[in-house]
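Here is a short briefing to read alongside the model. Have the viewer open as you go through it.

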Amino acid sequence: DEVRGRQSVRTLAERLHGLPGVEGISLASSVPFGRRDWRDVGRAGVAPAAEAMAESAVMGKSFGTDYNVIGADYFRTIRLPLAKGREFNASELEPGSASSAAIIDQELALWLWPGEEALGRQLQIGGGAKGESPRVLVVVGIVPTLRNSIIEPKPVPPDLDYEMWLGP
């Protein structure tokens, strides 16, 4: 069951952290350059009129984005410093937590809030083509824009890919 599974993962993480030579450990639903899930993301509370075609996030446009569910110290473990904000705190990482936080990359921040500060803003994921209920999250951290492929020499253009990380 889920409770026992989570406890097994925690026990494994503690054991791995205790091994000689291990500098850090974190959990993630996908490894860097690995396959990630895809969600629609936009500004929270902004939706275009049914007949309108939104041309920007300000007008209600949503963007398709990869996302990864991560554990504590993920960015420290992969040695990626945050550009702004913070990593998730302990309460945000608790299973079933009512807290809803997200860490996004700089490119997604620019597309959702052009010329504005993204830190502390609310975004909405889901509610798009997959027919899922939307979920509102607060941006608590921003990381540099990353490339998503080991074969691409630079990050994928912003109209094709964004990054977002969520706590469990």
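The points below cover confidence, the nonpolar cores and the main pocket.

This is a predicted model, in which local features need pLDDT of at least 70 and side-chain atom pairs count only at pLDDT 80 or more, while totals for chains, interfaces and linings use all residues. Residues are numbered from 1 along each chain as its sequence is written, and side-chain values use heavy atoms, leaving out hydrogens and water.

**Confidence**
- The protein chain has an average pLDDT (the predictor's confidence in each residue, from 0 to 100) of 76, and 67% of the residues score at least 70.
- Strand β3 (residues 84-85) has the highest confidence, at 95, and strand β7 (residues 163-166) the lowest, at a mean of 58; strands are DSSP runs of E, at least two residues, and helices runs of H or I, at least four, numbered from the N terminus.

**Nonpolar cores**
- The largest nonpolar core (buried Ala, Val, Leu, Ile, Met, Phe, Trp, Tyr and Cys joined through side-chain atoms within 4.5 Å; buried is under 20% relative accessible area with a 1.4 Å probe, protein chains only) has 14 residues, and Val41, Ile104, Leu112, Trp113 and Leu123 have the most contacts inside it.
- Two or more residues of this core come from each of β4 (101-105), α4 (106-112), β5 (122-125) and β6 (135-143).
- Ten residues, including Phe75, Ala101, Ile103 and Val140, form a second, separate core.

**Largest pocket**
- α1 (2-17), α2 (74-77) and α3 (90-93) each supply at least two lining residues of the largest pocket, with α1 giving the most, six.

Technical notes
Buried means under 20% relative accessible area, exposed over 50%, partly exposed in between (1.4 Å probe, protein chains only).
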